[in-house]
Amino acid sequence: MGVGDYPMAVSFHWLSKSCYLEATFRMKRNNFSAVNKIVQSSRVVKQPKRGLCSSLRQTHALSVLLDWGTLPHHVILQIFQYLPLLDRARASSVCRRWNEVFHIPDLWRKFEFELNQSATSYFKSTHPDLIQQIIKKHAAHLQYVSFKVDSSTESAEAACDILSQLVNCSIQTLGLISTAKPSFMNVPKSHFVSALTVVFVNSKSLSSIKIEDTPVDDPSLKILVANNSDTLRLLKMSSCPHVSSDGILCVADHCQGLRELALNYYILSDELLLALSSETHVNLEHLRIDVVSENPGQIKFHSIKKRSWDALIKHSPGVNVVMYFFLYEEEFEAFFKEETPVTHLYFGRSVSRAILGRIGLNCPRLIELVVCANGLQPLDSELIRIAEHCKNLTALGLSECEVSCSAFVEFVRLCGRRLTQLSIMEEVLVPDDRYTPDEVHTEVSKHLGRVWFPDVMPIW
């Protein structure tokens, strides 16, 4: 969660407190005379019969109530943790005590640097003065760090400049987030790798790294392994064209605690799966594979042997194998010819009936299937085959394809109540001699045990 990203109810609750604090600050700074008048005109002062001691006690109690600077550190710290960074910085200028709390390490363990060019971005950039203050005073406290940049090269280079200065840090999680491409890919490779290496060398305790769509390369991965092999648990590095299968294999061989891995299909190999399946390696929990082609026909996709998949599943029986496909129909030839232990399948482009038929036969572990497009050929027999053979299927999403109403009802009947998520666009369902689209929801609801309707595209 980034700075200031809190539930609305919590934000409103603390906003009201913040407004009250601000009013009090204004009174303290500019209206001390008003406080004196309150004390002088109070009943405590006007009733001498109560005695001098009693008056002093009540005057002191009133002054304490008005003096927020006497709040204990742990109370101020808890309030500061709910405040957006800018409000926290403003509050730190109220008094010395609040400024001390502002610099407590607990407040600086998690930070998101937001870098953008104001003319092309919708989010506010972290002020340069604050960045320098963090580097000088709080770099040693940072543990959970992320950089959110826009598509400009200048923002990505600014992120690299900050990374290169984090020499006295003990970062545990690092994320580089591009809100739009190309960003980091336009930074000179040597500049990016040099900056990233600074963190890899100095942190010594990195457990989670997200560096997707970056020019990271094999030598920098070797530096990562040399300094963080005992602590690395998660590595997401899809769309990193300078990383080879040898580079990712080095990570798998040495980082025996790696539990989550995201990568492109072109660096997936039989050797990598076997390395992740070794006796000394912990059970893999999540493997995400992006299968992407920008130019049809220019990439020939290789096949992974069944014995390699079998070794992975034997070693990590509970692993989620997630595959995202962005291919053209003619590029699917290498996939699903043999049993594949994929659990989650997402097709971002059109996929043929033949491939869906293979999935029904060779993906017994399938849990979730999303088909964004198929064309004008009904998927009746393919869907029914998937329902019959994929006994773990619990979620289906269909858009821009066609299924007869009867086949869809039969699919739901075969799956039954295990279908917890069913998102079907209304135009997908083709009426036949048994059902119309209006009648389908009644039959489907009966088999699901809950009310169900197809999704409707809103008309704005």
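In the predicted model, F325 of strand β8 has F347 in strand β9 as its bridge partner. The two strands, β8 and β9 (residues 344–350), run parallel and are joined by four bridges. On β8 a further pairing is found with strand β7: residues 286–292 of β7 and residues 320–326 of β8 are linked in the parallel sense by seven bridges. Within this pairing, M323 in β8 is the residue opposite I289.

These strands belong to an open sheet of twelve strands, arranged in the order β1-β2-β3-β4-β5-β6-β7-β8-β9-β10-β11-β13, with parallel pairing. The edges are occupied by β1 (110–115) and β13 (421–424); each has a single partner strand, so one side of each lacks a neighbour in the sheet. On average, and with direction ignored, neighbouring strands of the sheet are turned by 10° against each other. Elsewhere in the order, strand β5 (residues 234–236) and strand β6 (residues 260–264) run parallel and are connected by three bridges. There K236 is matched with A262 in β6 as its bridge partner. In general, the strands of a sheet pair through backbone hydrogen bonds, in either a parallel or an antiparallel manner.

The protein as a whole contains 18 helices and 14 strands. Of its 460 residues, 45% are buried. When contacts between residues at least 6 apart in sequence are considered, 73% of them join residues at least 24 apart.

Several helix pairs were examined next. A pair of packed helices is described by the angle between the two axes and by the distance between them. Helix α10 (residues 189–203) packs with α11 at an angle of about 10°, and the axes are 8 Å apart. Angles under 35 degrees count as roughly parallel, and α10 and α11 are therefore roughly parallel to each other. From α10, the contact involves V193, T197, F200, V201 and S203, while α11 contributes S220, I223, L224, N227 and N228. By class, the residues of this contact of α10 with α11 comprise five nonpolar, five polar and no charged.

For helix α15 (residues 353–362) and helix α16 (residues 380–389), the axes lie 8 Å apart and the packing angle is about 15°. The two helices, α15 and α16, are therefore roughly parallel to each other as well. The crossing of α15 past α16 is left-handed. On the α15 side, R353, L356, G357, G360 and L361 take part, and they meet S381, E382, R385, I386 and H389 in α16. The contact of α15 with α16 is composed of three nonpolar, four polar and three charged residues.

A further pair is formed by helix α17 (residues 405–415) and helix α18 (residues 437–448), whose axes come within 9 Å and cross at roughly 10°. It follows that α17 and α18 are also roughly parallel to each other. In this contact C405, F408, V409, V412 and R413 of α17 meet P437, V440, E443, V444, H447 and L448 of α18. Among the residues of the contact of α17 with α18, eight are nonpolar, one is polar and two are charged.

At the level of single residues, F80 is located in helix α5 (residues 73–82). The relative accessible area of F80 is 1%. Since buried means under 20% relative accessible area, F80 is classed as buried. With neighbours within four places in sequence set aside, F80 is in contact with R88, A91, W98, V101, F102 and L107. For one of these residues, A91, the C-alpha atom is separated from that of F80 by 8.6 Å, and the two residues are eleven apart along the chain.

Two loop residues were noted for their backbone angles. D213, which is not a glycine, has a positive phi of about 55°. D213 is placed in the loop between β4 (208–210) and α11 (218–228). With a relative accessibility of 23%, D213 counts as partly exposed. A positive phi of about 55° is also found for E400, again a residue that is not a glycine. The loop that holds E400 lies between β11 (395–398) and β12 (403–404). At a relative accessible area of 59%, E400 is exposed.

How values were computed: Residues numbered from 1 in each chain as written. Predicted model: local features only at pLDDT ≥ 70, side-chain atom pairs only at ≥ 80, totals over all residues. Heavy atoms only, no water. Pairing = 2+ DSSP bridges. Axes fitted to C-alpha atoms, helices over the stretch in contact; angles between N-to-C directions. Parallel < 35°, antiparallel > 145°, perpendicular 65-115°, else oblique. Contact = heavy atoms within 4.5 Å. Nonpolar A, V, L, I, M, F, W, Y, C, P; charged D, E, K, R; others polar. Buried < 20%, exposed > 50% of the residue type's maximum accessible area, 1.4 Å probe, protein only. Left-handed = near helix turned anticlockwise from the far one by under 90°.
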